[in-house]
Amino acid sequence: NSALYIGTKAAGDHFVKAFAHELGPSGVRINSIAPGLTETPMTAQVTATPGLSDAFVKRYPLGRIGTSEDIADAVVWLSEDSCFMTGQVLQVNGGLTLRGNPTGDDVMASIMSATSAAEA
């Protein structure tokens, strides 16, 4: 279902631009945040899979998975009056978009490596 996921993300990005264009003259700023994999209770089961987090951390230029605090800090900044920005999708993902998500093969290799190491 990757195509559907990507399509809905692209649609959301374009809604941000369209609403910013329409509401800007009224002084309304419209922006959104696009987080990468983020440590939250919702992702805890996924990130607890041995090796899965490692596959992602290797792709992050900043060397770690994001936290809910990272996302909250970005939300606070966007909400400040001093933020002269509208129509933007802020990538809060430690630079993951510079390198892209790990492939399915990368993830499986990392999981298999972690599982093998745990069994040894």
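Reader: Leaving aside its neighbours within four places in sequence, what is Ile 65 in contact with?

Author: In this model, which is a predicted one, Ile 65 is in contact with Leu 37, Thr 38, Glu 39, Ser 53, Phe 56, Val 57 and Tyr 60, once its neighbours within four places in sequence are set aside.

Reader: Okay, and which residues make up the largest nonpolar core?

Author: That core has nine residues in all, and Ile 65 is one of them. The others are Leu 37, Leu 52, Ala 55, Phe 56, Tyr 60, Leu 96, Val 107 and Ile 111.

Reader: Which elements give two or more residues to this core?

Author: Those are α3, which covers residues 52-57, and α6, which covers residues 104-119. Of the elements, α3 gives the most to this core, with three residues.

Reader: Back to Glu 39 from your first list. Where is it found, and is it buried or exposed?

Author: Glu 39 is found in strand β2, made of residues 38-39, and with a relative accessible area of 45% Glu 39 is partly exposed. Leaving aside neighbours within four places in sequence, Glu 39 is in contact with Ile 65, Gly 66, Thr 67 and Ser 68.

Reader: How many residues apart along the chain are Glu 39 and Gly 66?

Author: They are 27 residues apart along the chain, while their C-alpha atoms are separated by 6.2 Å.

Reader: Changing topic: how many salt bridges are there, and which side chains meet?

Author: The count comes to one salt bridge, in which the side chains of Arg 64 and Asp 70 meet at 2.8 Å, N to O. Both partners count as partly exposed, Arg 64 at 42% relative accessibility and Asp 70 at 23%.

Reader: Where is the place of Asp 70, and what else is it in contact with?

Author: Asp 70 has its place in helix α4, residues 68-79. Besides Arg 64, Asp 70 is in contact with Val 92, again leaving aside neighbours within four places in sequence. As for Leu 96, which belongs to the core described above, Asp 70 and Leu 96 are 14 Å apart in space, C-alpha to C-alpha, and 26 residues apart in sequence.

Reader: What about aromatic pairs, how many does the count come to?

Author: The count comes to one aromatic pair, formed by Phe 15 and Phe 19, and this pair is stacked, with 5.9 Å centre to centre and 15° between the planes. Both residues lie in helix α1, residues 2-23, where they are four residues apart, about one turn of the helix.

Reader: Are those two buried or exposed?

Author: Phe 15 is exposed, because its relative accessible area of 52% is over 50%. Phe 19, at 40% relative accessibility, counts as partly exposed.

Reader: And which residues make the nonpolar surface patch?

Author: Phe 15 and Phe 19 make the patch together with Leu 23 and Val 28, and the patch is about 350 Å². Val 28 is found in the loop between α1 and β1, the latter being residues 31-35, and at 35% relative accessibility Val 28 counts as partly exposed.

Reader: One last residue, Asn 93: buried or exposed, and why?

Author: Asn 93 is buried, because its relative accessible area of 7% is under 20%. The place of Asn 93 is in the loop between β4, residues 88-92, and α5, residues 96-99. Leaving aside neighbours within four places in sequence, Asn 93 is in contact with Ala 34, Pro 35, Gly 36 and Tyr 60.

Methods. Residues numbered from 1 in each chain as written. Predicted model: local features only at pLDDT ≥ 70, side-chain atom pairs only at ≥ 80, totals over all residues. Heavy atoms only, no water. Core = buried A, V, L, I, M, F, W, Y, C linked by side-chain atoms within 4.5 Å. Buried < 20%, exposed > 50% of the residue type's maximum accessible area, 1.4 Å probe, protein only. Contact = heavy atoms within 4.5 Å. Phe/Tyr/Trp six-rings, centres within 6.5 Å; stacked < 30°, edge-to-face > 60°. Salt bridge = Lys/Arg side-chain N within 4 Å of Asp/Glu carboxyl O. Patch = residues over 30% accessible without salt bridge, like charges linked within 9 Å, V, L, I, M, F, W, Y side chains within 5 Å. Areas by Shrake-Rupley, 256 points an atom, 1.4 Å probe, with all protein chains shown as cover.
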